[in-house]
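Work through the exercises below with the sequence and the model side by side. Each task is followed by a solution in steps.

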Amino acid sequence: MEQKKQKVSDIRAGLENAEDLIRKMDLEARSLQPNVKTMLLAKLREYKSDLNNLKSEVKRIASGNINPDARDQLLESGMADALTASTNQRSRLVMTTERLNQSSDRIRDSRRTMHETEELGVSILQDLHSQRQALLHANNTLHGVDDNIGKSKRILTAMSRRMNRNKWIIGIIIAVLIITIAAVLYFKRVK
């Protein structure tokens with residue numbers, strides 16, 4: 001009798017483990033891509049149904065409504081089925097855990113790549129900012145040079161006009177002197 005109670009409690013513990021595994025598989029399946037997700041959710045529904053059937057059989061066995069021989073047979077077959085299902089579910093859980101670890105590794109790699117890209121972007125922006133500052137400085141310098149060239153051009157134009165005016169004045173003075181010298185010489189000869 002004690003051995004039967006022990007087997008029933010073992011079966012219940014196995015059923016609880018199976019239920020936990022099914023819950024974990026359900027959470028994992030819901031996070032997958034839609035085409036894989038529907039197939040896995042259908043299998044999970046079958047597993048839940050089988051688990052519920054096993055639970056109801058265990059309740060019936062534990063309540064004592066069947067004869068002892070049938071109970072022993074059900075306990076042994078239920079235990080074998082539960083162990084097989086538990087082994088299958090554990091292997092699936094291990095595969096799911098492995099896929100989850102691979103996904104975590106890919107996410108870590110993606111984050112590292114994202115940080116490297118972000119650092120590169122910041123570096124490029126800093127370079128662009130310093131180049132912008134250099135261009136603004138060169139622009140201001142060119143405006144200053146342009147202003148100075150404009151002033152120089154006006155000064156040179158004014159100097160050129162004065163030079164031309166001075167040439168005309170000197171030319172007129174020379175002409176007046178030549179005419180005066182010629183008039184003086186003419187009058188000296190005539191006298």
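Two residues are in contact when heavy atoms of theirs lie within 4.5 Å. The model used here is predicted.

**Exercise 1. Overall layout**

Task: State which elements the protein chain has, and what share of its contacts between residues at least 6 apart in sequence join residues at least 24 apart.

Solution:
- Step 1. The protein chain contains three helices and zero strands, and the order from the N terminus is α-α-α.
- Step 2. Take the contacts between residues at least 6 apart in sequence; 64% of them join residues at least 24 apart.
- Step 3. Of the 191 residues, 13% are buried. The exposed surface comes to about 15,500 Å², with 59% supplied by carbon and sulfur atoms.

**Exercise 2. The largest nonpolar core**

Task: Find which helices each supply at least two residues of the largest nonpolar core, and list what Leu15 touches beyond its sequence neighbours.

Solution:
- Step 1. The core has 13 residues; Leu15, Ile22, Met25, Leu44, Tyr47, Leu51 and Val58 have the most contacts inside it.
- Step 2. At least two core residues come from each of α1 (2–30) and α2 (34–63). The largest share, seven residues, belongs to α1.
- Step 3. With neighbours within four places in sequence set aside, Leu15 contacts Leu51, Leu54, Lys55 and Val58.

**Exercise 3. Two polar residues**

Task: Decide whether Asp26 is buried or exposed, and do likewise for Ser86.

Solution:
- Step 1. The cut-off for buried is under 20% relative accessible area.
- Step 2. Asp26, in helix α1, has a relative accessibility of 13% and therefore counts as buried. Outside the four places on either side in sequence, Asp26 is in contact with Leu41, Leu44 and Lys48.
- Step 3. Ser86, in helix α3 (residues 68–190), has a relative accessible area of 9%, so Ser86 is buried too.
- Step 4. Ser86 and Ile22 are 64 residues apart along the chain, and their C-alpha atoms are separated by 10.0 Å.

**Exercise 4. The annotated span and the aromatic pair**

Task: Give the secondary structure of residues 168–187, and classify the geometry of the Tyr186 and Phe187 pair.

Solution:
- Step 1. An unreviewed UniProt entry annotates residues 168–187 as "transmembrane region".
- Step 2. In the model this span is 100% helix and 0% strand, and its end C-alpha atoms lie 28 Å apart.
- Step 3. The structure holds one aromatic pair. The rings of Tyr186 and Phe187 are 5.7 Å apart centre to centre, with 65° between the planes, an edge-to-face arrangement.
- Step 4. Tyr186 and Phe187 are both exposed.

Key: Residues numbered from 1 in each chain as written. Predicted model: local features only at pLDDT ≥ 70, side-chain atom pairs only at ≥ 80, totals over all residues. Heavy atoms only, no water. Core = buried A, V, L, I, M, F, W, Y, C linked by side-chain atoms within 4.5 Å. Buried < 20%, exposed > 50% of the residue type's maximum accessible area, 1.4 Å probe, protein only. Helix = DSSP H or I, 4+ residues; strand = E, 2+ residues; numbered from the N terminus. UniProt positions renumbered as here; feature names shortened; annotations may be inferred. Phe/Tyr/Trp six-rings, centres within 6.5 Å; stacked < 30°, edge-to-face > 60°. Areas by Shrake-Rupley, 256 points an atom, 1.4 Å probe, with all protein chains shown as cover.
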